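Hi,

Here is the structure I promised to pass on to you. Have a look at it first, and then read on for what I found.

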Amino acid sequence: MNDVQLPAEAERRLTRFTQRLERLDIDQLRIYALRPPDRMSHQRAMERAEVLAFKSGRDKVLEAARATVQEWLIRVFNEHQYQPTMFGLNWGRSLGTVDDRAEIARTLREAVTALIVWDLAADRDRAELLGAWGGLAT
């Protein structure tokens with residue numbers, strides 16, 4: 001088992017991010033999952049961050065953090081699947097398409113990656129990976 005721990009500031013930043021994330025309304029999640037305009041630049045930033053996580057020994061911490069956020073996202077969508085109203089279930093309300101949900105999961109995964117390697121990554125890579133989630137990370 002990898003015993004590498006995050007620096008205290010990274011741990012605080014990740015905790016603050018997840019606390020703020022949990023306070024978001026489910027309808028707001030799609031707003032934060034905006035696609036980056038330059039996909040190649042974005043992909044390279046992700047690759048660099050994952051290499052940094054591996055080289056620093058934070059890869060296990062990264063996978064655990066990603067799994068935790070993924071489980072949270074699945075739980076949130078499951079809890080909001082059916083919303084009863086006075087006259088029955090609100091069938092007309094949409095939680096988004098499968099593609100919308102996948103994009104939310106992908107961008108959250110990238111944001112968590114940026115948080116885990118915050119002190120190691122270049123500012124531009126952090127900003128690229130955080131995207132609209134960056135406001136929750138500060």
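On one side of helix H6 (residues 123-130), Asp-123, Arg-124 and Ala-127 are exposed. Please keep in mind that this is a predicted model. The buried residues of H6 are Asp-125, Arg-126, Leu-129 and Leu-130. They line one face of the helix, because they fall within an arc of 125 degrees when you look down the axis of H6. There they pack against helix H3 (39-55), H5 and H7. Right after H6 comes Gly-131, which has a positive phi, near 55 degrees.

Helix H1 (residues 8-23) can be read in a similar way. H1 has 16 residues and spans 23 Å from its first C-alpha to its last, close to the 22 Å expected at 1.5 Å a residue. Which of its residues are buried? They are Ala-10, Arg-13, Leu-14, Phe-17 and Leu-21. These sit on the same side of H1, because they cover an arc of only 95 degrees around the axis. The general rule behind such patterns is that an α-helix has 3.6 residues a turn, so residues three or four places apart point the same way. The buried residues of H1 pack against four helices: H2 (29-32), H4 (59-79), H5 (98-116) and H7 (134-137). Glu-22 and Arg-23 are exposed, on the face of H1 turned away from its buried side.

Now to the interior. The largest nonpolar core has 36 residues, and those touching the most other members are Phe-17, Leu-21, Leu-29, Leu-108 and Trp-133. At least two residues of this core come from each of H1, H3, H4, H5, H6 and H7. H5 gives the largest share, with eight residues. If you want one residue to click on, try Trp-133: leaving aside residues up to four places away in sequence, its contacts include Phe-17 and Leu-21, as well as Leu-29, Tyr-32, Ile-104 and Leu-108.

Finally, the overall picture. The protein has seven helices and two strands, in the order α-α-α-α-β-β-α-α-α along the sequence. Of its 138 residues, 38% are buried. Among contacts with a separation of 6 or more, 78% are between residues 24 or more positions apart. The exposed area is about 8,300 Å², and 54% of it comes from carbon and sulfur atoms.

Happy to go through any of this with you.

Best wishes

Technical notes
Residues are numbered from 1 along each chain as its sequence is written. This is a predicted model: local features need pLDDT of at least 70, side-chain atom pairs count only at pLDDT 80 or more; totals for chains, interfaces and linings use all residues. Side-chain values use heavy atoms; hydrogens and water are left out. The expected span of a helix is 1.5 Å times one less than its number of residues. Buried means under 20% relative accessible area, exposed over 50%, partly exposed in between (1.4 Å probe, protein chains only). The arc is that of the directions from the helix axis to the C-beta atoms. Contact means heavy atoms within 4.5 Å. A nonpolar core is a set of buried Ala, Val, Leu, Ile, Met, Phe, Trp, Tyr and Cys residues joined through side-chain atoms within 4.5 Å. Accessible areas come from the Shrake-Rupley method with a 1.4 Å probe; for residues, only the protein chains shown count as cover.
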